[in-house]
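User: I would like to go through this protein step by step. Please give short reasons with each answer.

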Amino acid sequence: MAFLNAFCQMNKNMGDILDNLAQEVDKISEKDMSEEKEKILEEKDKVEEKEKIQTNSIMGQLFKKSSICFPELGNSIEGFVIDVSSNEIYLDLGIFGTGVVLGKEIKDGLGSEKLKIGDKVMATIIELENEEGYMELSIREASYEKSWDNIEEKIKNQEKVIVKIVSANKGGLLVDINGVSGFLPVSQLSSQNYPRVEDGDKNKILTLLKKLVSQELEVCIIDADRETEKLIVSEKAAQSDKDKEAISSLKAGDIVLGEISGVVDFGAFVKFVPNIEKNDKNEKRGEKRLEGLVHISELAWQLIEDPRTIVKVGDSVKAQIIGIDKEKISLSIRSLQKDPWVEVTKKYKTGDIVSGVVNKINHFGAFVYLDKDIHGLAHISEMAKNYPGKSINEMIKVEESYNWKILSIEAKTHRMGLVLTQEKISEDKLEEEAKEKKEVKSKSKEKEKKEVKSKEDKGEKPKKIKKEKKEKDGKNLVKKEKKEKK
């Protein structure tokens, strides 16, 4: 028990010792912190005193009153030209000293423009101080940024711009807008400048595009990105308002005079001036020319495999407007021609035996021309029924003439049903066909004569004459060579 009491007393004394130790440590910490705080306050007072002295000085007062923003790299700055040489331009930058523009930083920014002493110039800072102590500047960068600002402003206001064609490639034209390079795709050219090439030959397209180099065109900016330096323009979009205005004066049923501007597999394009009565006068005044499409089915009443057999580029044609969809104009040449199917029943009757040339054979039968306008279909089912076990290609060949029996005639839908027959054509029908062939031949010759006369009136020599001259020149050359040998 005495041992236990002694142990407890010892623990109590130890606790008292630790408490006293902790109190002493706290006193020391408080003292140190107080000393540190005094030091910080003293330093602060010194700094404030120093700032007060600087502020009260003349220079301090000037800086306090001044709103000057000191330039940094990349900033734009204005200056006046004080000296000009072929490779250097010195600018007076006022309180910021003198700046210098060197080499390509001059030329690439000014283009053909020439500076003279006294001119005000905007430049970009590319070095705050070079080895000679001048601020180094770039007119090129400032000009480029200014051009992009202008481009973005044009897009915002939907304004049109004038661009110069710099060069051409197979995809379109490279253009320049105040020193910024852009691209005008072929698809964005107006109908007036679009290079229509019959066979789609890219080299021919490029040849036509090169003719536009150095010219100026009015365009709209349709896509631009300053970061990627992407700039796409469209002449078609710029002409859109003018086209809409011209098209607004047209309606379905109007007749126009025009010229074939392009022939493609699906039809022909025709350029025309809206008002037919004033066509010639309008063209002389340079009035807006529109372009419409004559679909292959609207070129003529007969079946057409290749539009190039009906019309060619440069042909003068009269057409009727059959549809207008926004800026697309659909035209028809055949609507102004007499429909040969209107009187087909006067010439042909069901049960007649007629002669016809096979135009085309496909999986459902053969298309057969009875004359230049009227065609019929010999359906595969009728052929199989009358000639079992034989294929259609065994019985007939394209461009060969055979005898056919007319099974049906539908004048309104331009349809005629035929079947191959071994029956002979009546004498009356033979005489009628011979007479018709003679008339067709006569009309063909008459047409050729008119074309020759038209070319002669224009000062062109007909192809036939050129060919004869070529042959004559060839013969003369042979004679000359023989004489020289002798």
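User: Is E343 buried, partly exposed or exposed, and at what relative accessibility?
Analyst: This is a predicted model, and the values here are computed from it. Buried means under 20% relative accessible area and exposed means over 50%, with partly exposed in between. E343 therefore counts as partly exposed, its relative accessibility being 35%.

User: Which residue forms a salt bridge with E343?
Analyst: A salt bridge needs a side-chain nitrogen of Lys or Arg within 4 Å of a carboxyl oxygen of Asp or Glu. The closest N and O atoms of this pair are 3.5 Å apart. The partner is itself exposed, with a relative accessible area of 64%. The residue that forms the salt bridge with E343 is K338.

User: Which residues are joined into one network by salt bridges that share partners?
Analyst: Salt bridges can be linked when they have a partner in common, and one network of this kind is found here. The residues in this network are D149, E152 and R226.

User: How far apart are N and O in the salt bridge of K230 and D223?
Analyst: K230 is partly exposed, with a relative accessible area of 39%. D223 also counts as partly exposed, at 31%. Their side chains meet in a salt bridge, and the N to O distance is 2.8 Å.

User: In the salt bridge of D254 and K251, which residue is buried?
Analyst: The side chains of D254 and K251 meet at 3.1 Å, N to O. K251 has a relative accessible area of 53%, so K251 is exposed. The other partner has a relative accessible area of 18%, which is under the 20% cut-off. The buried residue is D254.

User: How many salt bridges does a search of the whole structure find?
Analyst: The pairs K230 with D223, D254 with K251 and K338 with E343 are among them. A search of the whole structure gives a total of 16.

User: Which residues form the positive surface patch that includes K328?
Analyst: K328 lies in strand 15, which covers residues 328-332. K328 is exposed because its relative accessible area of 64% is over 50%. The patch is made of lysines, namely K236, K244, K326 and K328.

User: Where is E131, and which negative surface patch includes E131?
Analyst: E131 sits in the loop between strand 4 (120-127) and strand 5 (135-138). With a relative accessible area of 85%, E131 is exposed. The negative patch is formed by E127, E129, E131 and E132.

User: What is phi of E399, a residue other than glycine?
Analyst: Most residues other than glycine have a negative phi. E399 is in the loop between helix 10 (392-395) and strand 19 (401-410), and E399 is exposed, with a relative accessible area of 68%. Its phi is positive, near 70°.

User: Is H414 buried or exposed?
Analyst: H414 is found in the loop between strand 19 and strand 20 (415-420). Its phi is also a positive value, near 60°. The relative accessible area of H414 is 17%, which is under 20%, so H414 is buried.

User: How far apart in space are the C-alpha atoms of D243 and R289?
Analyst: D243 is found in helix 6 (residues 235-247). D243 is buried, with a relative accessible area of 14%. D243 and R289 are 46 residues apart along the chain, and their C-alpha atoms are separated by 8.7 Å.

User: Which residues does I151 touch, not counting residues up to four places away in sequence?
Analyst: I151 is in helix 4 (residues 139-157). I151 counts as buried because its relative accessibility is 1%, under the 20% cut-off. Leaving out residues up to four places away in sequence, I151 touches I177, V180, I221, A224 and L231.

User: What share of the 486 residues counts as buried?
Analyst: The secondary structure of the protein comes to twelve helices and 20 strands. The protein exposes about 33,400 Å², with carbon and sulfur atoms supplying 51% of that area. Of the 486 residues, the share that counts as buried is 31%.

Terms used
Residues are numbered from 1 along each chain as its sequence is written. This is a predicted model: local features need pLDDT of at least 70, side-chain atom pairs count only at pLDDT 80 or more; totals for chains, interfaces and linings use all residues. Side-chain values use heavy atoms; hydrogens and water are left out. Patches are made of residues with over 30% relative accessible area and no salt bridge: like charges are joined within 9 Å, nonpolar side chains (Val, Leu, Ile, Met, Phe, Trp, Tyr) within 5 Å. Accessible areas come from the Shrake-Rupley method with a 1.4 Å probe; for residues, only the protein chains shown count as cover. Lys and Arg count as positive and Asp and Glu as negative; His and the chain ends are not counted. The place of a charge is taken as NZ of Lys, CZ of Arg, CG of Asp or CD of Glu. Helices (H or I, at least four residues) and strands (E, at least two) are DSSP runs, numbered from the N terminus. Buried means under 20% relative accessible area, exposed over 50%, partly exposed in between (1.4 Å probe, protein chains only). Contact means heavy atoms within 4.5 Å.
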